[in-house]
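Thanks for making the time this morning. I would like to walk through one model with you, going from side-chain pairs to strands and then to the core, and I will give the cut-offs as the terms come up.

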Amino acid sequence: MTTQLKPQTRSLAYDGAIPSLSELVMGVHWSPPEHGRGGTDLDALCVLYDAPGRVLDTIHPGRLRNANGSVVHTGDSLQGANYWDDERLFVFPEALPETVARLDFVVVCADGRTFDEVPGAICHVTDHASEHEWLRLDLTALRGQRSHTVATLRRAGGGWSLAAGGARQ
């Protein structure tokens, strides 16, 4: 399988084609373990930064929301047995505190496995309101890796820009 990424920066500000960005979703999905094998634990994280790059907060399965609820995690999944996403992060950009200049969407293999050892491991970043998928990543293509920054959301002028992990903005 190939990695399906759109590595260029995409502006999420109003441009006539994109409705008001009110809710982003990062979803992580993986297949249930084969009979007799232990479960896999992939975790979705969201790291919030200020303008100088200092970490303000990290939302993860042990901390399900930030203070004002503009970033929310749906909870930990250990089995990968859901029909669609096993873990989700919701981000409401218009409600993020002014001190947040950037945030990273990160996936971590919390049980020590590498992504290529997790059958069916994928993630996506989607505009929840329009269901427009900004990016989709086949995590199994990340051979030997246990963590990956999927995408970065950054304040840009009066709106936001989104770049796939590793892309420069």
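Aspartate 50 is buried, with a relative accessible area of 10%, where buried means under 20% relative accessible area, exposed over 50%, and partly exposed in between, computed with a 1.4 Å probe on protein chains only. Aspartate 50 forms a salt bridge with arginine 54, and the closest N and O atoms of the two are 2.9 Å apart; the term stands for a side-chain nitrogen of Lys or Arg within 4 Å of a carboxyl oxygen of Asp or Glu. Arginine 54, for its part, counts as exposed at 53% relative accessibility.

Before I go on, a word on provenance: this is a predicted model, in which local features need pLDDT of at least 70 and side-chain atom pairs count only at pLDDT 80 or more, while totals for chains, interfaces and linings use all residues. Residues are numbered from 1 along each chain as its sequence is written, and side-chain values use heavy atoms, with hydrogens and water left out.

How many salt bridges does this rule give? The count comes to six, and besides the pair I began with I will show two of them. Arginine 102 and aspartate 104 meet through their side chains at 3.1 Å, N to O; here arginine 102 is partly exposed, with a relative accessible area of 21%, whereas aspartate 104 counts as buried at 7%. Aspartate 116 and arginine 143 also meet in a salt bridge, at 3.9 Å from N to O. Aspartate 116 lies in the loop between β7 and β8 and arginine 143 in the loop between β9 and β10, so this pair ties together parts that are 27 residues apart in sequence. Aspartate 116 counts as partly exposed at 29% relative accessibility, and arginine 143 as exposed at 64%.

Now the strands. The protein has zero helices and 11 strands, where helices (H or I, at least four residues) and strands (E, at least two) are DSSP runs numbered from the N terminus. Five of the strands make an open sheet in the order β5-β6-β2-β8-β9, with antiparallel pairing; two strands are said to pair if DSSP finds at least two bridges between them. Why do β5 and β9 each have one side without a neighbour in the sheet? Both stand at the edges, β5 at 71-73 and β9 at 132-138, and each has a single partner strand, so one side of each is left open in that sense. Within this sheet, six bridges join β2, residues 24-29, to β8, residues 122-127, and the two run antiparallel; leucine 24, for instance, has aspartate 127 in β8 as its bridge partner.

Elsewhere, β7 (residues 102-109) and β10 (residues 147-156) pair in the antiparallel sense over seven bridges, and aspartate 104, which we met above, has threonine 152 in β10 as its bridge partner. β10 is also joined by six bridges to β11, residues 159-164, again running antiparallel, with arginine 154 partnered by serine 161 in β11. β10 and β11 form a hairpin with two residues between them, and glycine 157 in the turn has a positive phi of about 60°. Glutamate 131 has a positive phi too, near 65°, in a residue other than glycine; glutamate 131 lies in the loop between β8 and β9 and is exposed, with a relative accessible area of 66%.

That brings me to the interior. Of the 169 residues, 47% count as buried. The largest nonpolar core, meaning a set of buried Ala, Val, Leu, Ile, Met, Phe, Trp, Tyr and Cys residues joined through side-chain atoms within 4.5 Å, has 34 residues, and those with the most contacts inside it are Met26, Leu42, Val91, Phe105, Val125, Leu139 and Val150. At least two residues of this core come from each of β2, β3 (42-49), β6 (87-91), β7, β8, β9, β10 and β11.

Taking contact to mean heavy atoms within 4.5 Å, and not counting residues up to four places away in sequence, leucine 139 touches Leu42, Val107, Phe115, Asp116, Ala121, Ile122 and Cys123.

Finally, the cysteines: the structure holds zero disulfides, a disulfide being a pair of cysteine sulfur atoms within 2.5 Å. Cysteine 46 counts as buried at 0% relative accessibility, and cysteine 109 is buried at 4%.
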